[in-house]
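This report covers salt bridges and one helix. Please keep the sequence and the structure at hand while reading.

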Amino acid sequence: MKFNAILQDFVEAQLAVGNVTALMGDAGIGKSSFALALAKRMSTKAFVLPCNQLGDKTDLTGARLLKIDDRYQQAFFPHEVIDEAIQYAEDNPRETPILVLDEINRTSSDVTSAILTVITLMRVGRREIPKNLKLVITGNIKGNVTALDEASISRFVIIEVEPDANTLIKVLSDAGTLHPYVEQAITAKPDTIFSRVEGQS
């Protein structure tokens with residue numbers, strides 16, 4: 001599917017009934033930007049956790065041994081982005097904020113497995129994910145990625161997304177990196193965004 005109002009309507013409907021949407025596609029085509037725009041349309045906030053920056057599963061769950069009253073106990077400190085998303089959802093129960101777990105399969109298999117556990121249990125350590133906090137995951141379909149097993153895939157509504165000229169123009173314009181001549185070329189011939197150099201992906 002292309003990034004457009006139809007996709008926004010579909011994803012919003014899936015989130016409303018509690019489904020976790022997985023946007024799968026090539027890297028850098030605007031998946032996380034789409035989720036941010038969707039949150040804005042829903043009059044709420046999106047919190048994006050770049051999972052490819054997590055070095056270990058403890059970066060996600062923050063499990064540590066603490067000495068409490070001469071005894072060691074395991075305590076959990078969710079990643080700051082997850083903690084902020086949970087706190088915002090608790091403080092704004094009438095909103096449906098979005099937690100975007102970005103590029104879940106461009107990290108180690110241990111981190112991907114920990115992310116899938118969070119999604120399945122809807123909790124991080126001892127902290128529950130509020131019902132009004134909606135989850136969107138993004139993943140890549142090519143390159144150096146961790147494969148998702150059938151059991152994992154069955155937990156999501158998977159949508160393969162493809163680049164869209166209007167989305168690309170908006171993302172590059174917002175970043176201040178779009179040359180006017182490039183914008184003219186893409187606008188005139190939007191199919192050029194699908195072109196690839198032979199031997200490259």
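A residue is called buried under 20% relative accessible area, exposed over 50%, and partly exposed in between, with a 1.4 Å probe and protein chains only. By that scale R41 is partly exposed, because its relative accessibility is 36%.

The model is predicted, so local features need pLDDT of at least 70 and side-chain atom pairs count only at pLDDT 80 or more, while totals for chains, interfaces and linings use all residues. Residues are numbered from 1 along each chain as its sequence is written, and side-chain values use heavy atoms, with hydrogens and water left out.

**Salt bridges**

Side chains of opposite charge can pair when their charged atoms come close. Here a salt bridge means a side-chain nitrogen of Lys or Arg within 4 Å of a carboxyl oxygen of Asp or Glu. How many salt bridges does a search of the whole structure find? The search finds five. Three of these pairs are listed below.

| Pair | N to O distance | Citation |
|---|---|---|
| D9 and R41 | 2.5 Å | closest N and O atoms |
| R127 and D83 | 2.2 Å | N to O |
| R123 and E128 | 3.6 Å | closest N and O atoms |

Take D9 and R41, which form a salt bridge. The pair links distant parts of the chain, 32 residues apart: D9 sits in helix α1 (residues 5-16) and R41 in helix α2 (residues 31-41). Helices are DSSP runs of H or I with at least four residues, strands are runs of E with at least two, and both are numbered from the N terminus. D9 is partly exposed at 44% relative accessibility.

R127 and D83 also meet through their side chains. R127 belongs to strand β7 (residues 127-128) and D83 to helix α4 (residues 80-91), so this pair ties together parts 44 residues apart in sequence. R127 is partly exposed, with a relative accessible area of 22%. D83 is partly exposed too, at 30%.

R123 and E128 form another salt bridge. R123 is partly exposed at 28% relative accessibility. E128 counts as exposed at 52%. Salt bridges with shared partners also join D9, E12 and R41 into one network.

**Helix α5**

Helix α5 covers residues 109-121. The expected span of a helix is 1.5 Å times one less than its number of residues. For the 13 residues of α5 that gives 18 Å, and the end C-alpha atoms are 18 Å apart, which agrees. Which residues of α5 are buried? They are V111, T112, A114, I115, L116, V118 and I119. Just after α5, M122 takes a positive phi of about 55°.
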